[in-house]
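Subject: Structure for your review

Dear colleague,

Please find below the structure that I am handing over to you, with its sequence. My notes on it follow directly after.

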Amino acid sequence: MTTLDLGMPAHGGASGTAGVPRLGEGDSLTKKDFTSDQEVRWCPGCGDYAILAAVQGFLPELGLKRENIVFVSGIGCSSRFPYYLDTYGMHSIHGRAPAIATGLAASREDLSVWVVTGDGDALSIGGNHLIHALRRNVNLKILLFNNEIYGLTKGQYSPTSHVGQVTKSTPLGSLDTPFNPVSLALGAEASFVARTMDSDRAHLTSVLRAAAEHRGSALVEIYQNCPIFNDGAFAVLKDRTEAQARILQLVDGQEVAAGDTVVVRDQRGSLSVVPRTEADPGQVVVHDVHAEDPSAAFALSRLDTPDMGHVPMGVFRSVDRPTYDDGLRAQLASASTGPVTDADIDALLAGRDTWTVGG
């Protein structure tokens with residue numbers, strides 16, 4: 001897979017790790033410092049190994065103390081992640097990782113909070129928790145491993161499985177229209193949305209870096225191969241020749257293109273992929289990752305096709321907007337201007353609307 005720099009310049013606002021204690025001057029950590037003593041237990045060939053190695057190798061770049069980094073997971077193969085990192089972590093319950101992580105981020109500004117989840121965990125039972133964390137813009141980094149199958153429970157179809165896909169729970173083919181995680185996140189007004197792949201270490205690391213720098217909810221979809229129950233789901237994107245023709249590189253300020261094709265916008269605003277030789281230069285789409293209006297990023301996400309003929313890859317959107325946890329702390333600070341009296345408590349309990357019930 002051809003890897004390009006994301007072209008992500010600094011974009012206003014506070015860093016995603018602002019308020020989190022940093023290492024002392026001259027101190028540093030290595031990948032080994034973030035590797036726990038637990039035996040890594042995934043199936044041989046699982047894409048989770050590559051993601052784990054990338055995260056362990058990336059975390060030292062943050063320059064943060066290990067005790068101020070937390071990984072929260074739900075249920076699934078990906079959710080074993082916290083065991084293998086020498087940071088704080090929690091293996092929570094199915095689909096609820098964003099809710100638990102929201103509580104941590106809101107109550108502890110000194111923590112860098114990450115969520116690790118899968119396509120089933122995040123988009124099925126955890127769907128509401130995910131979209132509300134994104135719309136609130138909680139300062140979380142959500143890594144969504146998408147292998148388009150339920151792996152831990154042995155091969156049932158998931159919310160991202162394709163129509164017609166034969167699995168243990170759909171022997172005649174799935175009837176469900178799958179979620180597009182990027183489209184879903186953009187529809188929920190996520191302030192940072194990206195897509196990358198397990199096997200491209202450089203691209204994955206660059207996306208993690210951009211997500212960590214962002215203040216607010218960052219959703220990173222990671223295509224991840226399940227060699228047991230859905231092997232080869234992304235094989236065409238892992239083949240170097242095929243990848244060059246299929247992967248639409250999203251680089252801020254550059255044309256959205258793949259090989260000899262470019263994305264163009266017609267007079268109605270619709271996007272399509274055409275040979276560069278046939279493209280009107282005035283209609284070629286130049287990616288603007290910081291556009292306040294998410295409609296252009298959403299349109300790019302809809303270029304996905306079931307056969308992966310065209311797959312946008314990179315950062316779709318990165319914009320500044322107030323975060324839920326910063327706002328909550330500001331409210332608490334403004335409400336704590338003096339001692340609380342009995343009269344204050346009585347007024348709070350009684351409220352402004354009272355009724356007298358009786359005959």
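Against which elements do the buried residues of helix 1 pack? In this predicted model, they pack against strand 1, strand 3 (112-118), strand 4, helix 6 and strand 6 (218-223). Helix 1 is mostly covered, with 8 of its 11 residues buried. Those buried residues are Asp 48, Ile 51, Leu 52, Ala 53, Ala 54, Val 55, Gln 56 and Phe 58.

Helix packing

One of the partners just named, helix 6 (residues 201-213), has an axis that comes within 10 Å of the axis of helix 1 (residues 48-58), and the two cross at roughly 50°. Helix 1 and helix 6 are therefore oblique to each other, and their crossing is right-handed. On the side of helix 1, the contact is made by Ile 51, Ala 53, Ala 54, Val 55, Gly 57 and Phe 58. Helix 6 contributes Arg 201, Leu 204, Thr 205, Leu 208, Arg 209 and Ala 212. By class, the residues of this contact divide into 8 nonpolar, 2 polar and 2 charged.

A second helix pair is formed by helix 2 (residues 97-107) and helix 4 (residues 127-136), which pack at an angle of about 35° with their axes 8 Å apart. Here Pro 98, Ala 99 and Thr 102 of helix 2 meet His 129, Leu 130 and Ala 133 of helix 4. The contact of helix 2 with helix 4 has 4 nonpolar residues, 2 polar residues and no charged ones.

Salt bridges

Side chains of opposite charge can pair when their charged atoms come close. The structure holds 14 salt bridges, and three of the pairs are described here.

In one of them, the side chains of Arg 66 and Asp 86 meet at 3.1 Å, N to O. This pair links distant parts of the chain, 20 residues apart: Arg 66 is in the loop between helix 1 and strand 1 (69-73), and Asp 86 is in the loop between strand 1 and strand 2 (88-91). Arg 66 is partly exposed, with a relative accessible area of 30%, and Asp 86 also counts as partly exposed, at 35% relative accessibility.

Another salt bridge joins the side chains of Arg 317 and Glu 189 (4.0 Å, N to O). Arg 317 lies in strand 11 (residues 311-318) and Glu 189 in the loop between helix 5 (181-187) and strand 5 (192-197), so the pair ties together parts that are 128 residues apart in sequence. Arg 317 counts as buried at 4% relative accessibility, whereas Glu 189 is partly exposed, with a relative accessible area of 39%.

The pair formed by Arg 329 and Asp 325 is a salt bridge with an N to O distance of 3.3 Å. Because Arg 329 and Asp 325 are 4 residues apart in helix 10 (residues 324-335), they are separated by about one helical turn. Arg 329 counts as buried at 18% relative accessibility, and Asp 325 is buried with a relative accessible area of 2%. Both residues belong to a network of salt bridges that links Glu 109, Arg 215, Asp 325, Asp 326 and Arg 329.

Individual residues

Three further positions may be of interest to you.

Asn 146 is placed in strand 4 (residues 140-146). Asn 146 is buried, with a relative accessible area of 2%. Apart from residues up to four places away in sequence, Asn 146 touches Asp 119, Thr 160, Pro 181, Glu 221, Ile 222, Tyr 223, Gln 224 and Phe 234.

Met 90 is found in strand 2 and counts as partly exposed, at 38% relative accessibility. With its neighbours within four places in sequence left aside, Met 90 is in contact with Phe 71, Val 72, Ser 73, Pro 82 and Ile 100. Met 90 and Asp 320 are 230 residues apart in sequence, and their C-alpha atoms are 29 Å apart in space.

Asp 307 is located in the loop between helix 9 (295-301) and strand 11. Is Asp 307 buried or exposed? At 55% relative accessibility, Asp 307 counts as exposed. Asp 307 and Val 236 are 71 residues apart in sequence and 9.1 Å apart in space, C-alpha to C-alpha.

With kind regards

Note on methods. Residues are numbered from 1 along each chain as its sequence is written. This is a predicted model: local features need pLDDT of at least 70, side-chain atom pairs count only at pLDDT 80 or more; totals for chains, interfaces and linings use all residues. Side-chain values use heavy atoms; hydrogens and water are left out. Axes are lines fitted to C-alpha atoms, for helices over the stretch in contact, and angles run from 0 to 180 degrees between N-to-C directions. Angles under 35 degrees count as roughly parallel, over 145 as roughly antiparallel, 65 to 115 as roughly perpendicular and the rest as oblique. A crossing is left-handed if the near helix is turned anticlockwise from the far one by less than a right angle, and right-handed if clockwise. Contact means heavy atoms within 4.5 Å. Ala, Val, Leu, Ile, Met, Phe, Trp, Tyr, Cys and Pro count as nonpolar, Asp, Glu, Lys and Arg as charged, and the others, Gly among them, as polar. Buried means under 20% relative accessible area, exposed over 50%, partly exposed in between (1.4 Å probe, protein chains only).
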